[in-house]
Amino acid sequence: MAQSRRLAALIVVALFGLWPAAPVRAQTAPEVFQVSGIPVDATAADAETAREQALLQGQIEGMRRLLRRLVPAADHGRLPAVGPGQIERYVANFEIADERVSSNQYLARLTVRYEPDAVRELLQSSALAYAETASAPLVVLPLYRPAGAPRLWPDDNPWWQAWAEHLDSERLLRLVLPLGDLEDMATVSPDRAMAGDTDALSALAARYAADDALVVIATPREATPLALELEVRRNGIEAANPPETLLARPEETLEDLMAAAVTGLQDSLDERWKSANLLRYDQARSMVVDIPIARLSDWVEISRGLQGLPEVDRVEVAAFARDNVRARVRYLGDELRLEEALGRLGLALSREGESWLLLPMGASPSQGEPASARSTLF
């Protein structure tokens, strides 16, 4: 049975064979270093002591979750342990919700925001590669195909309910489940989803400001053992691999099997994204670039954007003139990774003789179009 647990991962590997290695539209969101919905429950001699213990436990648990979010699963066994004596240096602030207090017990849910630089330093000192770039949203459409007509929308779709209950919105790969309202239903019918109607799926993705849509098809097999056939289709791309089958353990129901499938698919999608966006501080390089500007504010905007990229470790000014800034950019990975990161800012590298120029996308070296001339740069 152990083998069947891996099938949900294998299907996503096949899917990502059709996926760009590092999608262009990604973002480093502040929420990457935020962990929400951490349940805390502590009992002590009095309510105040219970509260202190619960909040401390919640911050430590949130840190554990954050490190697992950023670091590939293969390295989770090497994650550093952060205990009560160290956690304070990593916590920026936290919020409390659903607070319940008795004479000796404290229960609540925490949202904790961690200090990005402190977390990065911890991982780098542990020689751990990690990712911190969140993907653009990706709509997931759970299509259920029992005997008879396929079902898509939530009212009569247990596969949809499994996704609604087990979707983790805080992973680096941001999956979005549609509302399933009348507008969604009018945009994509079950038959259109099954057929991979590109126009309909693109329209649905656009409604949720998503880059694309995945149709995740589940076909139950009422046999012994119970089985769930899984197929993942990306909008506009014909699947190159056959469906995979997830087998139930003896005690599992179809509902349990669907929950396991949802978790396994998310794990695999997220791991593939992390693998494509890993930051390796042992592979740091540097490049000197000339940046044409028209005014000081151009450089301020570009500098702020560069320093916000996780792929860029440091930006140092080597020379500053009225119409040009020469800067040394220390970056992680190779030039291709740097170019992909710059693309997220609307910038591109251009070679001119022995020098590198950093220009707005679409501008030629002779144009020298300053950043302030492009209202969509940031």
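## Exercises on a predicted model

Asp-98 is found in strand S3, and the exercises below start from this residue in what is a predicted model.

**Exercise 1. Determine the sign of phi at Asp-98 and decide whether the residue is buried or exposed.**

Solution. Step one is the backbone: phi of Asp-98 is near 55 degrees, which is a positive value in a residue other than glycine. Step two is the surface: the relative accessibility of Asp-98 is 56%, and because exposed means over 50%, the residue counts as exposed. A further residue can be set beside Asp-98, since phi of Ala-209 is near 50 degrees, again a positive value in a residue other than glycine. Ala-209 lies in the loop between helix H7 (198-207) and strand S8 (212-221), while Asp-98 is in strand S3.

**Exercise 2. Describe the protein as a whole: how many helices and strands are there, and what percentage of the residues is buried?**

Solution. Counting the elements gives 10 helices and 15 strands. Of the 378 residues in the protein, 48% are buried. The accessible surface comes to about 18100 Å², and carbon and sulfur atoms account for 48% of that surface. Turning to contacts between residues at least 6 apart in sequence, 68% of them join residues at least 24 apart.

**Exercise 3. Work out how helix H2 and helix H3 are arranged, and which residues meet between them.**

Solution. Begin with the axes: those of helix H2 (residues 47-70) and helix H3 (residues 116-125) come within 12 Å and cross at roughly 65 degrees. The handedness follows as a separate step, and the crossing in which H2 passes H3 is right-handed. The last step is to list the side of each helix that takes part: H2 supplies Met-63, Leu-66, Leu-67 and Leu-70, and these meet Val-119, Leu-122 and Leu-123 of H3.

**Exercise 4. Examine the salt bridges that involve helix H3, and explain why the pair of Arg-89 and Glu-121 ties together parts that are apart in sequence.**

Solution. Side chains of opposite charge can pair when their charged atoms come close. A search of the whole structure finds 24 salt bridges, and one of the pairs to consider is Arg-89 with Glu-121, whose side chains meet at 3.7 Å, N to O. Arg-89 lies in the loop between H2 and strand S3 (91-101) whereas Glu-121 lies in helix H3, so the pair ties together parts that are 32 residues apart in sequence. Both partners are partly exposed, with a relative accessible area of 48% for Arg-89 and a relative accessibility of 46% for Glu-121.

The next step takes a pair within H3 itself: Asp-117 forms a salt bridge with Arg-120, and their closest N and O atoms are 2.7 Å apart. Because these two residues are 3 residues apart in helix H3, they are separated by about one helical turn. Asp-117 counts as exposed, at 56% relative accessibility.

**Exercise 5. Classify the two partners of the salt bridge between Arg-233 and Glu-231 by accessibility.**

Solution. The pair is identified by its closest N and O atoms, which are 2.9 Å apart. The boundary needed here is that buried means under 20% relative accessible area. Arg-233, at 22% relative accessibility, therefore counts as partly exposed, whereas Glu-231, with a relative accessible area of 13%, is buried. Elsewhere, Asp-181, Glu-183, Asp-184 and Arg-207 are joined into one network by salt bridges that share partners.

**Exercise 6. Find the surroundings of Gln-266 and Arg-337, leaving aside neighbours up to four places away in sequence.**

Solution. Gln-266 is found in helix H8 (residues 254-276) and counts as buried, at 2% relative accessibility. The residues that Gln-266 touches are Trp-163, His-166, Leu-167, Asp-168, Arg-171 and Leu-175.

Arg-337 is found in helix H10 (residues 335-343) and also counts as buried, at 16% relative accessibility. Its contacts are Ala-276, Asn-277, Leu-278, Leu-279, Glu-311 and Leu-332. For one of these, Glu-311, the separation from Arg-337 is 26 residues in sequence and 7.6 Å in space, C-alpha to C-alpha.

**Exercise 7. Identify the residues that make the nonpolar surface patch, and place Val-317 within the structure.**

Solution. Leu-296, Val-300, Val-317 and Phe-320 make a nonpolar surface patch of about 370 Å². The elements that give two or more residues to this patch are helix H9 (296-307) and strand S12 (312-320). Val-317 has its place in strand S12 and is partly exposed, with a relative accessible area of 46%.

Technical notes: Residues numbered from 1 in each chain as written. Predicted model: local features only at pLDDT ≥ 70, side-chain atom pairs only at ≥ 80, totals over all residues. Heavy atoms only, no water. Helix = DSSP H or I, 4+ residues; strand = E, 2+ residues; numbered from the N terminus. Buried < 20%, exposed > 50% of the residue type's maximum accessible area, 1.4 Å probe, protein only. Contact = heavy atoms within 4.5 Å. Areas by Shrake-Rupley, 256 points an atom, 1.4 Å probe, with all protein chains shown as cover. Patch = residues over 30% accessible without salt bridge, like charges linked within 9 Å, V, L, I, M, F, W, Y side chains within 5 Å. Salt bridge = Lys/Arg side-chain N within 4 Å of Asp/Glu carboxyl O. Axes fitted to C-alpha atoms, helices over the stretch in contact; angles between N-to-C directions. Left-handed = near helix turned anticlockwise from the far one by under 90°.
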